[in-house]
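Please walk through this structure step by step, beginning with one residue and its surroundings and then moving on to the cores, the aromatic rings and the cavities.

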Amino acid sequence: MSAPATTTKKPFTIALVDDYDVVLLGLAHMFDAYSDTLEVVEIDANAPLSESIDVVLYDAFAQPESSHAQIGELVKNPRARHVVVYTWNFHPELIESARAQGVHGYLSKTLTAPELVAALEAVNAGEIVLSEPPPRARSAEELDWPGKQEGITDRESEILALITQGKSNAAVAELTYLSPNTVKSHIRSVYRKIGADSRTQAVLWGVEHGFTPDHRRIERWVTEGR
């Protein structure tokens, strides 16, 4: 009698959405050891949107939207079977807004690679997965962000990226759900680390060191989903 045939489970597909190449490349490398589970099929903004994607992972780093309206548009895109927000920010209003928009997951950047992959597997299987609000902690070590090599933290990097995009302190506070004083504290810390004496110097440094968006990837998902 012949042995029963074995079936190989096909990896589910995942697309990464964020404006910063360094952020997405770091995230893609985080998945390198899990090619038998998931396949990163899209991080290039110039690639044609022609196939359905099992999980679209929306990295919230320095995204300029103060609401989740565009995430809702992403959820409506028929190519995106499941949409997951990936963030360090667990302000209750952000979570409530994301859930109201219909996302299938709201995951913390503090998750280790195995934990993140397991959460994405569960989403792909049809579950709604919400990370527990984490204590104040840095993002997973495998991740990358502009300025990491210069000792700039993930929070500081996002704030400098928003400033480099031309956002005021008030706008940064609104976007990140941080208090104005906390934003100012982060900005002062960044100034010390990069040797800047003024906002103009900080913005110029940001432009020269990868703090301007490389692409507006979500715009293509929104436009082509309509």
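In what follows, two residues are said to be in contact when they have heavy atoms within 4.5 Å of each other. The model is a predicted one, and a convenient place to enter it is Ser108, which is found in strand β5. With a relative accessibility of 1%, Ser108 counts as buried, because the limit for that word is under 20%. If neighbours within four places in sequence are left aside, the contacts of Ser108 are Tyr86, Thr87, Phe90, Ser131 and Pro134.

One of these contacts, Phe90, leads on to the aromatic rings. A pair of aromatic rings is described by the distance of the centres and the angle of the planes. A search of the whole structure finds three aromatic pairs. In one of them, the ring centres of Phe90 and Tyr106 are 5.1 Å apart and the planes stand at 85 degrees, so this pair is edge-to-face. Because Phe90 belongs to the loop between β4 (80–87) and α3 (92–101), while Tyr106 belongs to strand β5 (residues 105–108), the pair ties together parts that are 16 residues apart in sequence. Both Phe90 and Tyr106 are buried. Another pair is made by Trp205 and Phe211, whose ring centres are 5.7 Å apart and whose planes are at 50 degrees, so that this pair is described as tilted. Trp205 and Phe211 are likewise buried.

The next topic is the nonpolar interior. In soluble globular proteins, nonpolar side chains tend to be buried together. Here the largest nonpolar core has 48 residues, and the ones with the most contacts inside it are Leu27, Phe31, Leu57, Leu107, Leu116 and Leu120. Which helix gives the most to this core? That helix is α4, made up of residues 113–124, and it gives seven residues. To see how one member of the core is surrounded, consider Leu57, which, apart from its neighbours within four places in sequence, is in contact with Ile14, Ala15, Leu16, Val17, Leu27, Phe31, Val84, Tyr86 and Leu120. A second core, separate from this one, has 18 residues, among them Tyr58, Leu74, Val85 and Tyr106.

Helix α7, which spans residues 180–194, offers two residues to compare. Arg188 lies in this helix, and it counts as partly exposed because its relative accessibility is 49%. The C-alpha atoms of Arg188 and Glu156 are 9.6 Å apart in space, although these residues are 32 apart in sequence. Ile194, also found in helix α7, is buried, with a relative accessible area of 14%. Its C-alpha atom is separated by 9.3 Å from that of Gly151, a residue 43 places away along the chain. Beyond its neighbours within four places in sequence, Ile194 is in contact with Ile152, Ala202 and Trp205, and Trp205 is the residue whose ring pairs with that of Phe211.

Finally, there are the enclosed spaces, where the count comes to three cavities of 30 Å³ or more. The second largest cavity has a volume of about 100 Å³ and is lined by 13 residues, of which Lys109, Ser139, Leu143, Asp144 and Trp145 lie nearest its centre. Helices α1 (21–30) and α5 (154–164) each supply at least two residues of this lining, and the largest share, three residues, comes from α1. Trp145, already named among the lining residues, has Lys148 over the face of its ring, at 4.8 Å from the ring centre.

Technical notes: Residues numbered from 1 in each chain as written. Predicted model: local features only at pLDDT ≥ 70, side-chain atom pairs only at ≥ 80, totals over all residues. Heavy atoms only, no water. Core = buried A, V, L, I, M, F, W, Y, C linked by side-chain atoms within 4.5 Å. Buried < 20%, exposed > 50% of the residue type's maximum accessible area, 1.4 Å probe, protein only. Helix = DSSP H or I, 4+ residues; strand = E, 2+ residues; numbered from the N terminus. Phe/Tyr/Trp six-rings, centres within 6.5 Å; stacked < 30°, edge-to-face > 60°. Lys NZ or Arg CZ within 6 Å of the ring centre and 35° of its normal. 1 Å grid on protein atoms, 1.4 Å probe; cavity = no way out; pocket = protein on both sides within 12 Å on 5 of 7 lines; lining within 4 Å. Points joined across faces, edges and corners; volume = space filled by probe spheres on them.
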